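Me: Please take a close look at the aromatic rings and what sits beside them. I would like one connected account that explains each term when it comes up.

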Amino acid sequence: MLLFGVVLIAFAAIAMHSQLASRQLRLNVLRTDVDAAEREHQRLRLTVAELDTPEQVVSSAYSLGLVGAAEVEFLPTASTMEPPTRTAGPTVPDLAGGR
Amino acid sequence: MSPSWTRPNLHARSVAIGGRRRRPGRASRRPVGHSKRPVPPQRRNTGGVVAVDRRRSRRRLVALNSFGILLVVAMMGRSAQLQVLQRDTLAERGDRQRLRETVIRAERGDILDRFGAPLAMSVRDWRLIADPQLIANPSATADLVLAKLPPRTVERAWMVDKLSEPTRYAILVNGIDDDLKAKIEAARIKGVYFSERFRRENPASDLARSIIGRVDTEQRGTSGLEKMLENELTGRDGELISERSERGTQIPGGKRTLRPAVSGRTFVTTIDRSLQYAVDGMTSKGIADSGARGGVVIVSDVKTGEILALSNMEVTSDGGVRSTGRNTALVSVYEPGSVNKVITMAAAIEERAVTPQTALIVPDFYKVGDHRFKDDVGHKTMRWTIRDVLVNSSNVGTIKVAQTLTKTRLDRYLRGFGLGSKTAIDFPGESAGIMLPLNKWTSTSIGTVPIGQGISVTAVQMLSVYNTLANGGVRMPMRLLRSSVDDRGVETPVALREQPVTVVSSATAATMTSMLVDVVDKGTGRAAHVKGYSVAGKTGTAQKPNERSRGYRAGAYVASFAGYFPAESPRLSVIVVLDEPQTSIYGGVVAAPLFAEVARWAGQHYRIPPSAGSRVVLTPDPSTVLSAEMRAVARTGNWSAATIRKNALPAAASIASRPASAASAPSSTVLPSTRREPTAVTIAPVADLASPSTSPPTTAAPAAVPVASAPATTATPRPTAPDLARREPERPRATVAPTSPPSSAPVTAAGAQTSGESTSTQTNVVVATGAAVVSNVDAPNP
């Protein structure tokens, strides 16, 4: 009985260790994947930033046939005629997801 | 004698046990007769042999036990030596074999524009490296590597050379992505490895390059904000210590210590990317149109001192116009000329030495010390008020005003407005300008300094002067940074380096504004008029000093215009400085129109309401469209909120903003029915600079005159590793430098970090004092 118990404990220890090793390997793979995903995220972020530049936007607009207006007129409204009031100051840009 | 004594000793072998062993089959050298202990005959019986064997066995046992004990003692001693005496050393050696330290590089912080768009950012990728000492056949290895790389990435000969170098570290290719890395790794090429690296990218190419600056190949800032914020942007590297197997894989359940990297702080600048792009385009057009060597245009928020756009442009050797690497607006100085007269006037009014209505007798020349100063346009001796003096930009009148001030008070105000000291930006290589100490003023200094000659300023300093007047006499410190964000996303406003300073009273500032409005309305700055806005500003045309001798260079001028708008409630200020314009030397001719263009675009971009009052008029026939009240408005040009509320909707389609002078004559150009061009209508709410239109108005069209492309140049003295991340698809990379995209700076084969741009630590100092002839002129509007 004692021998059986010892063998059982030994098998349990081996099984646990192999499980640990397996999880560790899985963890390593996941870490590598996360690393690769971060690199990909940075690359895509750069691509978005490049596509979003004024130069790119203007170029795309022209290629789509848009042109600059020859004349721009300001139409007075009630708000424009009141004394200019400043708001609390420039708002902080939303940086969530900016990095 | 018994014959048995002569027989050989049959037990010689046994006797020898424990003693010296004799070789079998070889007789003892010792004669038997000389044996020390002859064996007695009676011992040769059986019982005697057993007794002898027992004794021998006991001896053997004792010897064996002794040996065993010694062995155990030795083992224990050795064990004690290993586990007690050498414990630490051996444990350390074991750790060294299993534990691997991996440095986790900290990501360099981004530099963003005021709305969070990245101007500079870091991207991770791989670098292909080699250990040439492990490569037996460089040619074969090069072929293996090249087979995996995209075609024409590098030349074969170049790679063979790199693989043959007597070094242990050779960089083969930069900018490799994960897919390509996997392909190369699968080939298992001996001596070829990868290392991870960060590369710095400017998504908007050359946009604001002179402000952002550059980093070197080690990601250290070498110029601009990259250098100025080096410590904050860099962050702190992390470290991973883990137990690894021989193959490098982590041992399950082994030790693992992680000290995470701390990314550098991200900085939010005051720059507006859209405005910067538009201003760059307009500046390059202005330079091209005027034939200038280069130019600077800055737009700032008068209330906060924030620089919204800063364009430094120069003409390249091939005749194109491109953004400079150095921030000329901050590191280079020039003699400001007549734009400096506002300081003289403001000081005199503040000190109550004069009022705008004070009349002066103004001839067209005037002698100060041993020099003769003259107005640019000859005129009879006039009786001009102070306002007229400024409107006509009279040198003689300004000098007379300065003489009422005395040099001490003039110097105090010049320095009070910020001349002679660096701005609060503290940009790398920034110049403080050049102001002579009072004790070095010559007899003619009271003639030169008031009209902006004999002193040197940076463009930002001069813009700060106009900001002060626009801001009610309070000088706000100029700023390029708004806030910083740490790696947890916590944003902290960047503290002001200086406190606001009241230089002149608000009454003086208002008086100066009204005088500057007259300069634009009816003086030398009429070309700076912006439809719909009242503009306050001043022209400047100054000679350029000789750099190697006293006096000024013939025919070399700096034309400038500085101003702000809307004059009744200033929001934005703009300065334009053109270096050696050719079509005209006058600021009122070449700089003022560029100011107007920039101001018009910026006002529209930030949706700044047009000026109320006489500048907003009706264009169609009021009698057919409008109520009696609106007709009155049309006649007088005076709006009231009640009038607008009552009539805005029906009148909206027929209202245009136009100068008051044109009020009585309805303009056909603003009637939609008679115009062929499409018209963009912008409703102008009261807006804050932080929330401009989300997309730039299409009227900007700066791309119509794009910044000229930089020529593709080979700036590297020796070939460096190509960068796939910056690669043009069909160009060999090893020995031919890549062409940069249009409007970008020349870059080397290794990327922008190694471009030949000079760091911004130099300062152009060009100033002349005590010039023989000073002709500081402003032309009337053509």
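Reply: A good place to begin is R372(B), whose charged end sits over the ring of F365(B), 3.9 Å from the centre of that ring. For a charge to count as sitting over a ring, NZ of Lys or CZ of Arg must be within 6 Å of the ring centre and within 35 degrees of the ring normal. K181(B) also has its charged end over a ring, that of W126(B), at 4.2 Å from the ring centre.

This is a predicted model, in which local features need pLDDT (the predictor's confidence in each residue, from 0 to 100) of at least 70 and side-chain atom pairs count only at pLDDT 80 or more, while totals for chains, interfaces and linings use all residues. Residues are numbered from 1 along each chain as its sequence is written, chains are lettered from A and ligands numbered from 1 in the order in which they are written, and side-chain values use heavy atoms, with hydrogens and water left out.

The model scores ipTM 0.72 and pTM 0.70. Chain B, where these rings lie, has a mean pLDDT of 76, with 72% of its residues reaching 70 or more. Residues 1–23 of chain B have pLDDT below 50, and this stretch has 10 contacts (heavy atoms within 4.5 Å) beyond near neighbours in sequence. Residues 690–718 of chain B are also below 50 in pLDDT, with 66 contacts in the model beyond near neighbours in sequence.

Now to rings that face other rings. A pair of aromatic rings is described by the distance of the centres and the angle of the planes. Rings of Phe, Tyr and Trp (its six-membered ring) pair if their centres lie within 6.5 Å, and the pair counts as stacked with planes under 30 degrees apart, edge-to-face with planes over 60, and tilted otherwise. By this rule there are two aromatic pairs over all chains. In one of them, Y533(B) and F565(B) have ring centres 5.3 Å apart and planes at 65°, so this pair is edge-to-face. Y533(B) lies in the loop between α18 (506–522) and β20 (536–545), whereas F565(B) belongs to strand β21 (residues 552–565), so the pair ties together parts that are 32 residues apart in sequence. Helices (H or I, at least four residues) and strands (E, at least two) are DSSP runs, numbered from the N terminus.

Y533(B) is buried, with a relative accessible area of 1%, and F565(B) counts as buried at 0%. Here buried means under 20% relative accessible area, exposed over 50%, and partly exposed in between (1.4 Å probe, protein chains only).

The other pair joins F561(B) and F595(B), whose ring centres are 4.7 Å apart and whose planes stand at 55°, so this pair is tilted. F561(B) is in strand β21 and F595(B) in helix α19 (residues 587–605), so their pairing ties together parts of chain B that are 34 residues apart in sequence. F561(B) has 0% relative accessibility and therefore counts as buried. F595(B), too, is buried at 0% relative accessibility.

Put together, strand β21 contributes F565(B) to the edge-to-face pair and F561(B) to the tilted pair.
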